[in-house]
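Here's a friendly walk through a structure you haven't met before. Take a look at it first, and then we'll go through the parts together.

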Amino acid sequence: MRRPKGGSLAGIMLDLLEKRFPDGVPTGELAVQLYGRDLLENRLKVRSVARTLRQTGYAVYGFGGIYALCEGQSRKLGMAATRSAKVADGTIRKLPQIFEAIDRAGDKALASELRRALKETLLEAVKEL
């Protein structure tokens, strides 16, 4: 894992999460610490910073309005995996409707290509499991 730079938003968030490990930090508090005010817009930005931390290898997830560093916490990581699976399932199940709408709009070639690409992507994802 590559540690974010100390003055970066990701570095500040990681420091806050480490200080409050394993309990976590409320999203509103993170919004204030990172952006100065607890606004919906800033809470959404907190989600982006958490994504950045995950991309650098840190297990940072939000649960019920609290972001936590989940390193070594199998229950929290299991909850994150279950939630991610549900989101993925819902997204995947909506795609055929979108492909059918593209088909009805008259672009059968695009719908067919998108179906093929999705199947290829899903097969690759399953191989990683």
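Helix α1 has a set of buried residues: Ala10, Gly11, Met13, Leu14, Leu16 and Leu17. What covers them? The cover over the buried residues of α1 includes β1, α2, α3, β2 and β3. Keep in mind that this is a predicted model.

**Helix α3**

Next up is α3, which runs over residues 40–55. Does its length fit the count of residues, or miss it, and why? At 1.5 Å a residue, its 16 residues should span 22 Å, and the end C-alpha atoms are 23 Å apart, so the two agree.

The buried residues here are Asn42, Val46, Val49, Ala50 and Leu53. Looking down the axis of α3, you'd find these buried residues within an arc of 105°, which means that they line one face of the helix. The general background is handy: an α-helix has 3.6 residues a turn, so residues three or four places apart point the same way. And what sits on the face of α3 turned away from the buried side? That face carries the exposed residues Leu40, Glu41 and Gln55.

As for neighbours, the buried residues of α3 pack against α1 (9–19), α2 (27–35), β2 and β3. Just after α3 comes Gly57, with a positive phi of about 105°.

**The sheet**

Now for the strands. Three of them make an open sheet, in the order β1-β3-β2, with antiparallel pairing. The edges belong to β1 (25–26) and β2, each of which pairs on one side only.

Let's zoom in on β2 and β3. Strand β2 covers residues 60–63 and strand β3 covers residues 66–69, and four bridges join them in the antiparallel sense. Val60 has Leu69 of β3 as its bridge partner, while Phe63 stands opposite Ile66 in β3. The hairpin these two strands form has two residues between the strands, and Gly64 there takes a positive phi near 55°.

**Four residues, side by side**

How buried or exposed are a few individual residues? Here are four of them.

| Residue | Relative accessible area | Class |
|---|---|---|
| Thr27 | 9% | buried |
| Gln73 | 15% | buried |
| Tyr35 | 25% | partly exposed |
| Val32 | 37% | partly exposed |

Thr27 lies in helix α2. Not counting residues up to four places away in sequence, Thr27 touches Arg43, Val46, Gly65, Ile66 and Tyr67. Two of those names should ring a bell: Val46 is one of the buried residues of α3, and Ile66 stands opposite Phe63.

Tyr35 is also placed in helix α2. Once residues up to four places away in sequence are set aside, Tyr35 touches Leu9, Leu30, Asn42, Lys45, Val46 and Val49. Among these, Lys45 deserves a second look, as Lys45 lies over the face of the Tyr35 ring, at 5.1 Å from the ring centre. How many aromatic pairs does the model have? The count comes to zero. For a sense of scale, Tyr35 and Gln97 are 62 residues apart along the chain, and their C-alpha atoms are separated by 39 Å.

Val32 is another residue of helix α2. Leaving aside neighbours within four places in sequence, Val32 is in contact with Arg37 and Asp38. Val32 and Arg51 are 19 residues apart in sequence, and from C-alpha to C-alpha they are 18 Å apart in space.

Gln73 sits in the loop between β3 and α4. Why does Gln73 count as buried? Its relative accessibility is 15%, and the buried class takes in anything under 20%. Leaving aside neighbours within four places in sequence, Gln73 is in contact with Phe21 and Pro22.

**Helix α4**

That loop leads on to α4, which covers residues 74–104. With 31 residues at 1.5 Å each, α4 should span 45 Å; its end C-alpha atoms are 46 Å apart, so this helix agrees with the expected span too.

Which residues of α4 are buried? They are Ala80, Leu95, Phe99 and Ile102. These buried residues pack against β2 and α5 (108–128). Just after α4, Gly106 takes a positive phi of about 100°.

Conventions. Residues are numbered from 1 along each chain as its sequence is written. This is a predicted model: local features need pLDDT of at least 70, side-chain atom pairs count only at pLDDT 80 or more; totals for chains, interfaces and linings use all residues. Side-chain values use heavy atoms; hydrogens and water are left out. Two strands pair if DSSP finds at least two bridges between them. Rings of Phe, Tyr and Trp (its six-membered ring) pair if their centres lie within 6.5 Å; planes under 30 degrees apart count as stacked, over 60 as edge-to-face and the rest as tilted. A charge sits over a ring if NZ of Lys or CZ of Arg is within 6 Å of the ring centre and within 35 degrees of the ring normal. The expected span of a helix is 1.5 Å times one less than its number of residues. Buried means under 20% relative accessible area, exposed over 50%, partly exposed in between (1.4 Å probe, protein chains only). The arc is that of the directions from the helix axis to the C-beta atoms. Contact means heavy atoms within 4.5 Å.
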